[in-house]
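Visitor: I am new to this structure and would like to learn how to read it. Could you walk me through it?

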Amino acid sequence: SVSSPYALGPTLYHYRRLEAEAIRDSALAVSGQLNPKRFGPAMHPAIPAAALEANTDTEKIWQASDAREASRRSIYTFIKRGLVVPMLETLDLADTVSSCPQRQVTTVAPQALTLFNGDFVKEQAKHFAARLKREAGDDATKQITLAWRLALCREPSASELAQMKSFLQTEPLEQLCRVVLNLNEFVYPE
């Protein structure tokens, strides 16, 4: 038997949420929006107006990159110490002001709210739904199956398929995509 620092017993492990950047990049990849461009200058993400209002140095606020450029991997994100992208900060981005030998890992309500109601996730859910319609057509079973394959790398169980088909009878595909992007399985790797 191999011992693991995460082991609670022979087969149980602590769940660990993905880092903020990995969650962002995964959502972009699943939605089909991830720009694979490598190297070059940093991209400047959009900052919500409320966060900009609180910034004291308004002359140093950057213009957001266009949507295609802003969809690059998070490693290419321009980070300013005094103006951090709120979504990344909420999801425990490493401290940008002082040395950070280890990230803080928290579980707080604003994280769930950001992942479900944040503009970024809503936008990716819209793109994800468009991708499912484009690649799976109008068949709900095919759309759900493709969503599970893309986001969770597995087939949906019979129960999951039935529940999601029932969900789609009252809600649009975009809402199902928001649900998938918020599943524990999507943000907490095994």
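Guide: We will go from the whole chain to one pair of helices. Keep in mind that this is a predicted model.

Visitor: How many helices and strands are there in the chain?

Guide: A good start is to list the elements in order. Here the chain has 10 helices and zero strands, so its pattern along the sequence reads α-α-α-α-α-α-α-α-α-α.

Visitor: What share of the residues is buried?

Guide: Of the 190 residues in the chain, 35% are buried. On the outside, the chain exposes about 11700 Å², with 54% of that supplied by carbon and sulfur atoms.

Visitor: What do contacts say about residues far apart in the sequence?

Guide: Take the contacts with a separation of 6 or more: 65% of them are between residues 24 or more positions apart.

Visitor: How do the axes of helix α6 and helix α7 cross?

Guide: For a pair of helices, look at distance and angle. Helix α6 covers residues 119-136 and helix α7 residues 140-152; their axes come within 9 Å and cross at roughly 120°. An angle over 115 but not over 145 degrees counts as oblique, and α6 and α7 are therefore oblique to each other. The crossing of α6 past α7 is right-handed.

Visitor: Which residues make the contact?

Guide: From α6 come F128, R131, L132, K133, E135 and A136, and from α7 come K142, Q143, L146, A147, L150 and A151. Sorted by character, the residues of this contact are seven nonpolar, four charged and one polar.

Methods: Residues numbered from 1 in each chain as written. Predicted model: local features only at pLDDT ≥ 70, side-chain atom pairs only at ≥ 80, totals over all residues. Heavy atoms only, no water. Helix = DSSP H or I, 4+ residues; strand = E, 2+ residues; numbered from the N terminus. Buried < 20%, exposed > 50% of the residue type's maximum accessible area, 1.4 Å probe, protein only. Contact = heavy atoms within 4.5 Å. Areas by Shrake-Rupley, 256 points an atom, 1.4 Å probe, with all protein chains shown as cover. Axes fitted to C-alpha atoms, helices over the stretch in contact; angles between N-to-C directions. Parallel < 35°, antiparallel > 145°, perpendicular 65-115°, else oblique. Left-handed = near helix turned anticlockwise from the far one by under 90°. Nonpolar A, V, L, I, M, F, W, Y, C, P; charged D, E, K, R; others polar.
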